[in-house]
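Dear colleague,

I am handing over the structure below, and after it you will find what I noted while going through it. Please read the notes with the coordinates open beside them.

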Amino acid sequence: MVLSINACHNDKSYDGSVVVNLNKLSELMLFYDQIKEIRLIAIDPGYGNFFGSDPLVQYSGSEIFLIDKNGTGKIYRFSLEGGLINTIGNRGRGPTEYVDIKNVQIINDTVIVVSSPFITVNKYLKDGSFIKSETFDIEAQQAVYCDNRLYAYSGFGMQQPFRFITVESGEISYLLSSEEKVISFHEDTDVFSLTDDKLFARETYSNTIMTINTDITPYLTFNFSKHKIPDEFFKFSNSFEAAEYLIKQEYAVIRKFYETNSFRIVEVLLIHKPLPSFVYGLNIKNRGETDWDWFSMGKIGKSPFTNSLKFTAGNKIIFLLDPLHINNLSAAELSKISNRDVLNKVTENSNYIIAEYILYE
């Protein structure tokens, strides 16, 4: 592997349990009390181009990358003001193309596109120039580079007796053996997240965030008490029976985890009646590692915050808001927006709006 990548190693990590009472959440105003301002960015991919559902967003330096994995299959490169710079990659079966996008990583001037189930890595320059493609002899759902290693996630969906794979200099190793019998459950959000020298991994059907290198170390365990996924779920050998069992339960699953030097944030999907809802946990580090606040961000289809957390950068929490729900922003949010003129240009036919929630430092 020829990329020069920031080192990833495990410092002394916090290995503790966070007890979460999803029946007793903090007032949403407490969340906005942490926010210094909200900055909106109307991204413009060019006339007639509309993004598909649930795109990914990443920041790299002074640029924004929107990954339209379920729409055009392209990666759009924007300035911080939302102006289109260029596009990267194409969906297809040609030598410079990929069949799908599972996750994307931006390292210096290189954009890495991972597709699966046989992990294929396409590399491009930020200007869209193709570098090379490489296919690894492993089956997995997602993969990421760190410290010149490729880390891949097999998980509960690949019918394998392990959940993580590493590849370094052609050598394949396996991590985190698993006796769970559940199959055909695939991750649709990023398993891996990077913060400086730490590589984190999370699984929807596990309540533990892990740090990963040559081994896997528990980092944070969220105790959802009565909303924990029952142990019986993992004993099913038939995925249809497992799904039928789980759909009858009220439970919580971790969808996303990000950490910066100043805060941690986790997105939890709470399945309950009458409608599922999204809950965010926020830990401001200078208050202590065990001091978490938990907020309900609204029910699916009713709030602009359902499935909208996309990234973190510095002291910013990055959301991607659907214009169909933009009118549901609360008075507290509107009062924090520093450039409300952007809202005057938003219609139900607009593209997504990036919302940077900037925390007090």
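I begin with a proline: Pro274 sits in the loop that runs between β20 (263-271) and β21 (277-284). The peptide bond that joins Lys273 and Pro274 is cis, with omega at about 5 degrees. Please keep in mind here, and in everything that follows, that this is a predicted model.

Two further loops hold backbone angles that you may wish to look at. In the loop between β2 (35-42) and β3 (56-60) lies Asp54, whose phi is near 50 degrees, a positive value although the residue is not a glycine. Ser169, which is placed in the loop between β13 (162-168) and β14 (171-177), likewise is a residue other than glycine with a positive phi, near 50 degrees. The relative accessibility of Ser169 is 68%, and because the cut-off for exposed is over 50%, Ser169 counts as exposed.

On the sheet, four strands, in the order β7-β8-β9-β10, make up an open arrangement in which the pairing is antiparallel. Since β7 (103-107) and β10 (130-139) stand at the edges and each has a single partner strand, one side of each is left without a neighbour in the sheet. From one strand to the next, the twist averages 20 degrees. As a reminder of the general background, strands of a sheet pair through backbone hydrogen bonds, in either a parallel or an antiparallel manner. Within this sheet, strand β9 (residues 118-125) and β10 run antiparallel and are joined by six bridges; for Tyr124, the bridge partner in β10 is Phe130.

The last residue I looked at is Ile337, which lies in the loop between α3 (331-336) and β25 (353-359). Is Ile337 buried or exposed? Its relative accessibility is 8%, and because buried means under 20%, Ile337 counts as buried. Leaving aside residues up to four places away in sequence, Ile337 touches Ile38, Leu40, Leu329 and Leu343. Pro95, by contrast, is 242 residues from Ile337 in sequence, and the two are 45 Å apart in space, taken from C-alpha to C-alpha.

If you would like to go through the model in turn, I would suggest starting with the cis peptide bond between Lys273 and Pro274, then turning to the positive phi of Asp54 and that of Ser169, and ending with the contacts of Ile337.

With best regards

Methods:
Residues are numbered from 1 along each chain as its sequence is written. This is a predicted model: local features need pLDDT of at least 70, side-chain atom pairs count only at pLDDT 80 or more; totals for chains, interfaces and linings use all residues. Side-chain values use heavy atoms; hydrogens and water are left out. Two strands pair if DSSP finds at least two bridges between them. Helices (H or I, at least four residues) and strands (E, at least two) are DSSP runs, numbered from the N terminus. Axes are lines fitted to C-alpha atoms, for helices over the stretch in contact, and angles run from 0 to 180 degrees between N-to-C directions. Buried means under 20% relative accessible area, exposed over 50%, partly exposed in between (1.4 Å probe, protein chains only). Contact means heavy atoms within 4.5 Å.
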